[in-house]
Every structure is written in C-alpha cells, then in structure tokens.
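Biologist: Before we discuss any features, could you put the sequence and the structure up, and then explain what the terms we use for them rest on?

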Amino acid sequence: MTSATPESTPDARGHYGRYGGRFSPEALIAALDQVAAEWDKARNDPAFHAELDALLRDYTGRPSPLTEAKRFAEHCNGARILLKREDLNHTGSHKINNVLGQALLTKRMGKTRVIAETGAGQHGVATATACALMGLECVVYMGEEDTRRQALNVARMRLLGAEVVPVTIGSRTLKDAINEAFRDWVANVEHTHYLFGTAAGPHPFPALVRDLHHVIGAEARAQVLDLTGRLPDAVAACVGGGSNALGLFGAFIPDPGVRLYGFEAGGDGVDTGRHAASITGGTPGVFHGARTYVLQDEFGQTLPSHSISAGLDYPAVGPEHAWLADTGRAVYRPVTDAAAMEAFRLLSRTEGIIPAIESAHALAGARTIGAELGPDAVIVVNLSGRGDKDVDTAAAYFGLVGDEEEGA
Amino acid sequence: MNGVIGTEEAGRSGGQGAAGPTALQAALAAAKAQGRAALVGYLPAGFPDVESSIAVVEAMVEGGCDVIEVGLPYSDPTMDGPTIQRAADTALTAGTTPPDVLRVVEASAATGAATLVMTYWNPVERYGVDRFCADLAAAGGSGVITPDLIPDEAEEWFAATDATGLDRVFLVAPSSSDDRLGLTARASRGFVYAASLMGVTGTRAQVSGAAEKLVARTRAAAPAGLPVCVGLGISNGAQAAEVAAYADGVIVGTGFCDRVLDAPDLRTATAAVRAFAAELAEGVRLGRTG
C-alpha cells in the first residue's frame, strides 16, 4: 500500500523530546482527541488505505516520477540530482496528499464543513479541490495581503466552490489566517474539521500531516534503489512549516548513511532580520499550539517573517523538525531569496521544469550539498510544487515583462 | 455554593500561599459571604497606553469590580474576538512590555482589588516561568489565568506557582469531558474559569444556555469549595445577574474594552467604564434574589 504509514515517533501526547505537545484552549481538546482517535483507527483500517490509495493513484496521479536532472547537475558539482516530482500531482504540489487523507477523515468523523488556512494558496486550492470531490462545505482563510498577491489562486478556490475569507487583522499573512481559522474552529467544532495544511500546530496535526505525506519518501526510496541500486547520500527539501520535508525524510530517517537537509527561507539573509528561517534564526517557544522554534522578540511576541516565497513565509516550523535539528539527525540551512531565484531560473533553463519558488530553495541547497559531497554523490531533491503560481513574482524579479531582460 | 474557600487550595501551595488565602481567594470568599457572585473585570495592560490603562482599571474598581484581570497583550491572541484583538494590538503598538504589565498589576493591587494576569503562554515562557511568578508576586498579583495552557503541559507551571503561592486558573469549556473537568479543576487554584460557550471573547445578545450546565458539571467534578467563575459573552447588568444566579464570579472583558474604544478621550472612557462596572456590580447583587 503506497499510503502505509510509519510508526509514530512522538510520545502519546505528541511530544518530540521537548517539542510539540498541545498548547491549545481546552475548548479544542475534545476535537483534537477526536482527530487523533479517528486517525489511529483509520491508519489501521485496510478499507481506509484502499480508498486513499485509489485516490492517490487515480485522482492525484501517484506515484510521482523520480526524474534525473543531468543538465542541472552540471551546476551541482556533477553530483547526481534526482527530482521527486510532487509538482506533477493534481493541483500542482505535494499538498494534495495530506488534504485527501484529512478529507476522508472528515467524512469518517461525520463532519460536513472544512476550514483551512492558506498562504500562497496551494493548500487552499488543494483543500477546495478535495471538498469539491467529496461534497464538503469549504471555507479558506487567507491573509488579505496574500489574497492580493495571489489573486489567481483566490479565483481558483472560488471556482471550486470554496468561500475565501480575507483576514484583515495583524500582519494579514499566513500566521493570521491560522489564528482566524482557530477562532472559527472553536466556534464551529461540532460539525467542522480544521484541515491543517502543514506538519505544525497542536498534536495530532504534526504526526497526522507527516504520515499522510510519508508516501513521498516511501516512493522515492524505492525509486532511487531501483534507479541506482543504492540509497542516496542525501535528501533535500525546503522547510516552511515542513510537511514536504517530513514526507521525504520519514522513509530515510532509519538509514544512518542518508543525510537529511532542510532548507529554510533565508530571505534577505538571516543577519538582516528579514527572513523566515525559524530554526537557524529563531529560538524555542510556543506558537500555534506547539513548542518549537519561533521567530520572536525578547518578550515572546511573534516577529514578522519574510520570504519571496509565500509558502515558506511563516515564523515557526513543525515541532518534529525542531527535534530533528536538536538531535542532529537533520541539518537545516538558510537559502536566500537571491540563491533560490537563481536556482529557479537555472532549473527552468536546464531541465524545462519551472519549480515553485518554495522548492527552488531545496534546489539551491542541493547545489551547495553537491559542492560538499562531490561528483559521486546521489542527491534526492523534493520538487514539492510547480511554479505556475510564481510566474508573476519571477517576471517582476527578473524584469521579464518589458522589452529586455535585466537579470538579477 | 458549598465548602470553604482557601483552605485546601492554600494548604497545597508552598511559599506565601501556605500563610493564608491569596487576595483573590479572600475576595471570592467575601463576595460569597455577602451572598452574591464576585465581579471580575478584564482589561489589557497598555490599552490605550500604560498610564491610561491604570486609570481605566481604577475606574473599574471604583465602579465595583472585586477582581481585576490585567491582560498581557500578545501578537497572536487566538482565543480573542475582534474587540480584544484591537485592544491588544493598540497596547502592543504603544510599546507595552511585560514589565509594563507588572506595573499595571501593582497599581491595580494598590486599589485593594485582587489582581490576576491573563496571558497566553509564550510570553511567560520567554520571560522565564520562575522569574515571571516571582515578579508577579512581588507586584502584588494573586495569580494567573492561562487560556492556552492546559494542565497536561503545566508541570513547570505547577512548581513555579506552588513555590510563589500564586493562584493558577485553568479554563473548562462546554466540550470538556467529565474527566477533563475533574483534571482541570483539580489543577486550578483560586477558581476555575468556565467558558460559557464555544467561541472567542466578545459580546453576545444572549448568555449561552450551555453556561449553567457547564457550571453544574464542573462543580460536580471539582474539589469541594473551588469557586467556578463564568466568562465569555457577558456584556450587561441583566446578563451578569443571570450568570450570578449560578456562578461564583462573573467575568467581563470586551464590554470594558468597547467603552474605551468608543470614548473620544480618557475622561469620557473612565466615566463610561465606571458606570458600566456599576451596572454589572448591581447585576451580580441581583442574581441571587432575582
């Protein structure tokens, strides 16, 4: 079964070492318990897996290919670069893996309404898609700033029948959309499921979302063995909340010879303060229901994050990443906007694949790993999404709209 | 109402708590002795600025609040509705810090009103859990309400509040199971906060019908004598009277913030707040006779 899930690593209350847990209002505890209990039942239910696997195959288009990027590899010190093609999934990113699983859980719990948060719009579009497919009412919270930056995705969600609510409080971005979704959930929890989009938040969301993305790494591990006859030297993914990275890492965590690399959004550079690199530039704290690395000031107020990539523009990270970082099992590094955009252009021109700017952070990271590990290295890079949504941003960044390209 | 306030609770705590009831426990006991519910008023520190928030708190006490909850403004208040979000945002924009919050606590306690801090968890952890408790106790605070800390995650909090003799108030909700009502009430000291409805802070046209049932369920699960106070959605004297008929305390926040937001100047704000507190104070006195 492609959607078979790994043994969970957190303790019974969702702790990864000192991280994770539940820092949530009591009013939501019953609902969180219900999600956890339903997931425990579903993950051991062959009928659930059969239904989810059929959706992943016939609707999403899994398994996604593992594509060798030979011309891009020339810019990675000659290391073999294998792209896990989550960009080819229906709706254009890895997000659909989690969404289909949680939409099925919603129906199992007898709930009829789904709420979700979205930043760039990928998770919102995926959620609206699954709700259209399964006949669920769908409300998506999106920061007003993001609805303006991603107007096309707002239209897409509305076409799919979702209600998009612009959030006009706070920084008007992803973190405020999550705040507003939690406020909705506590008031409507009886018939509403909060379809959380990343491996963060209160237990059980970090484990649930990770498990539903485990298919990424499980497929990639089999594919790389098939192609090269051995395990890769390293796997790489971008990290915002961190769901695509955990999806890829999960299958390789037990393999001590495989290095795990997470690339955070370095924005203008971590030393400028304008970034979204929570592990590299943040400190342990409690945010959105879990203890994890947070961008915060000396008084514990959340600091604004910055990234050219809306999907990584989040001031915290999933708690399992905090734990993997502290234990040293995974290594996290920042990638600047500039390095990510260079990799974005490079992949487009060498492979004919336009990546999501989020995924371009992992591609930029792969270039540095390639330089370190040498030309004999095999590196799997999670191409977590496609770049259609980013054409406006790229056109502005590279000056592609006028008569002449200026470059950057 | 049953049992005696401040014996078991205070006896379980070390430090100052072992010496006798906290100001909060004493205020709730005094209201009970008068045959009425206590009036608990909430205001974020630093709203609209630190000095003005002290004036507003003084007006709340003059109008008849027995207990003051000083809010610690936080950037991501997921349990609050638009009014308190706006108030907290105003306070943060004005540069309010935890030391300012402690200054407001000190001024509030100086009026003679029992004073609590209401805070999301991260600012406490960032300040240092032990240091926060020590500084709050030194400022004359009685305890802390923590809306996003559940007893399951509160081991360090138990130790710090026990060591300083501070009350610690956890919340229960209509969705809480009987097991969780018991767990949460046993972990609470001072009182347990019953959220009257499933939702965020803000005024409502009617008090939720779930509130009275929740109070009864909580009393059945709680240690004898632990007061149960009700908050969320109470915004006038009649609603205060209705809740006072079955609760040990009536908690009002958004209504006070609204009056400050609506006022053109501080003088108008404090007058409106004083009058509103008086209306609520009359309500909590009508509850048991009405």
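**Cavities, a sheet and confidence**

Modeller: The residues that line the largest cavity divide into eight nonpolar, 17 polar and five charged, and I should say at once that this is a predicted model.

Biologist: What makes this space a cavity, and what volume does the largest cavity have?

Modeller: The term applies to points where a 1.4 Å probe fits but cannot get out, and for the largest cavity the volume comes to about 380 Å³. Of the 30 residues in its lining, those closest to the centre are H94(A), K95(A), G311(A), L312(A) and E358(A). Among the elements that each supply at least two residues of this lining are β5 and α5 of chain A, as well as α8 (174-188) and α10 (243-249) of chain A.

Biologist: How many cavities of 30 Å³ or more does the structure hold, and which residues lie nearest the centre of the second largest cavity?

Modeller: There are seven cavities of that volume or more, and the second largest has about 320 Å³. Its lining consists of 30 residues, with D80(B), I84(B), M118(B), Y193(B) and T201(B) nearest the centre. By class, this lining has 18 nonpolar, ten polar and two charged residues, and β1 (38-44), β2 (67-71), α4 (82-93), β9 (249-252) and α12 (254-262) of chain B each supply at least two of its residues.

Biologist: How do you know that β5 and β6 of chain A pair?

Modeller: Pairing requires at least two bridges between the strands, and β5 (residues 113-118) and β6 (residues 137-143) of chain A have six bridges in the parallel sense, so the two strands count as paired. Within this pair T118(A) stands opposite M142(A) in β6(A). Helix α5 (residues 122-134) of chain A lies across both strands, running at about 165° to β5(A).

Biologist: Why are β7 and β8 of chain A called edge strands?

Modeller: Four strands of chain A form an open sheet in the order β7-β6-β5-β8, with parallel pairing. Because β7 (163-167) and β8 (192-194) of chain A each pair on one side only, they are the edge strands. Neighbouring strands of this sheet are turned by 25° against each other on average, direction ignored.

Biologist: What confidence does the predictor give chain B, and where does pLDDT stay under 50?

Modeller: Chain B averages a pLDDT of 93, and 92% of its residues score at least 70. Over residues 1-17 of chain B, however, pLDDT stays under 50, and for this stretch the model has 43 contacts beyond four places in sequence. The model scores ipTM 0.94 and pTM 0.94.

Note on methods:
Residues are numbered from 1 along each chain as its sequence is written. Chains are lettered from A and ligands numbered from 1 in the order in which they are written. This is a predicted model: local features need pLDDT of at least 70, side-chain atom pairs count only at pLDDT 80 or more; totals for chains, interfaces and linings use all residues. Side-chain values use heavy atoms; hydrogens and water are left out. Axes are lines fitted to C-alpha atoms, for helices over the stretch in contact, and angles run from 0 to 180 degrees between N-to-C directions. Contact means heavy atoms within 4.5 Å. pLDDT is the predictor's confidence in each residue, from 0 to 100. On a 1 Å grid over the protein atoms alone, a cavity is a set of points where a 1.4 Å probe fits but cannot get out, and a pocket is an open set with protein on both sides within 12 Å along at least five of seven lines; lining residues have an atom within 4 Å of a point. Grid points are joined across faces, edges and corners, and a volume is the space filled by probe spheres set on the points. Ala, Val, Leu, Ile, Met, Phe, Trp, Tyr, Cys and Pro count as nonpolar, Asp, Glu, Lys and Arg as charged, and the others, Gly among them, as polar.
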